[in-house]
Amino acid sequence: SMSWDMYYTLDGINSWLANLITAYPGIAGIIIGGRSYEGRDIRGLKISHGSGRRAIFIEGGIHSREWISPSSACYIINELLTSNDPATRAAARDYDWYIFPVTNPDGYVWTHEQFRLWRKNRRPIGTEFGVDLNRNWNNNWLVAGASTDPASDNYAGTGPFSEPETLSLSEYIRSVGDRIDLYISIHSFGQLLMVPFGNSTATYANYHDAVNIGRRAMGALSVRYGTQYVTGNIAEAIYQATGGSVDWVKEHLKVPLVYAYELRDRGTFGHILPPDQIRYNNEEFMDSVLEIIHQAKRFG
Ligand code: 0X9
Ligand code: ZN
């Protein structure tokens, strides 16, 4: 089983997932959200206690240096399969869960083997490398907070969905489609919970419900260790940035609840979050996801 005081490599995460499908046959199954530029599978886990349920979709590790993101996605998987907590067990049984801990596998391997702070994928573009996979989705592509310079950390790519990771993952998400009740994109750092859109503070049908549910979830997150998050629209809470996954999911699939997390911390350690905070971060994150589910039922 996974320990929550260290970060795992891609191989470590993948063999842990492989062990789970053996340990939980008929409940946990490997899903493949496509393939990376360098040919790695985008591997995830579907957890389902029966067919035809509404779905919760969780995408981690699109920015490879944000190591706490895959870890927290794995923690959710582990809780859904092993917890005895009644709310967790109900959540596991009530939904089909689609969880991809590492949606940028090439970048993740690069951060472990060559350069700890690598953010983008690893496609060569001229003499440079990498597209920011959270600027490459086909929604307001290149409109704000994105670069046309392949040397930039915010390079948006050669066109919308120019990258195999975003193209194939988006097709996978679309295949789950209107069964999705809740979509979560996990990033770090900053302790923020954000709702679409990335370039506009304009509201939409359930905008205020989404923010209210988010605020309550961040209240639940703070209970265990007092960790404070700020909830709000992306453009307001962090900066304008378009071409991100959550904007595409909200705009094109009309998913009712769509959130992007920026997990711990607020900058003391930043992307190099010490391993002794992994467990606390992941526990409080799980608390907040359960509260989103609980609140979503109240708001309908
Ligand atoms: O810049 C980003 O992509 C995210 N921040 S990070 O520090 N993790 O890189 C913010 C994502 C907000 N979501 C969208 N702009 N769609
Ligand atoms: Zn990020």
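This note covers strand β10, helix α8 and the shell around ligand 1 in a predicted model.

1. Burial of β10. Strand β10 spans residues 257–263 and is mostly covered. Of its 7 residues, 7 are buried. L257, Y259, Y261 and L263 point one way. V258, A260 and E262 point the other way. Both sets are buried, the charged E262 included.

2. Pairing with β7. Strand β7 (residues 180–188) runs parallel to β10. The two are joined by 7 bridges. Along this pairing, H187 stands opposite E262 of β10.

3. Pairing with β8. Strand β8 (residues 192–195) is antiparallel to β10, with 3 bridges between them. Here L193 stands opposite Y261 of β10.

4. Helix α8. This helix covers residues 245–253. Its buried residues are S245, V246, D247, W248, V249 and K250. They pack against strands β3 (55–60), β7 and β10, and against helix α5 (164–176). Check the backbone just after α8: K254 has a positive phi of about 55°.

5. Ligand 1. Which residues are closest to ligand 1? They are N134, H187, G198, A241 and G244, out of 14 that surround the ligand. H187 is thus a link between two points of this note: it stands opposite E262 in β10, and it is among the closest residues to ligand 1.

6. Make-up of the shell. Helix α8 and strand β10 each supply at least two residues of the shell around ligand 1. By class, the shell residues divide into 6 nonpolar, 5 polar and 3 charged.

Terms used
Residues are numbered from 1 along each chain as its sequence is written. Chains are lettered from A and ligands numbered from 1 in the order in which they are written. This is a predicted model: local features need pLDDT of at least 70, side-chain atom pairs count only at pLDDT 80 or more; totals for chains, interfaces and linings use all residues. A residue is buried if 20 or more other C-beta atoms lie within 10 Å of its own, exposed if 12 or fewer, and partly exposed in between; C-beta atoms are placed from the backbone. Helices (H or I, at least four residues) and strands (E, at least two) are DSSP runs, numbered from the N terminus. Two strands pair if DSSP finds at least two bridges between them. Two residues are in contact if their C-beta atoms, placed from the backbone, lie within 7 Å. A residue is near a molecule or strand if its C-beta atom, placed from the backbone, lies within 6 Å of it.
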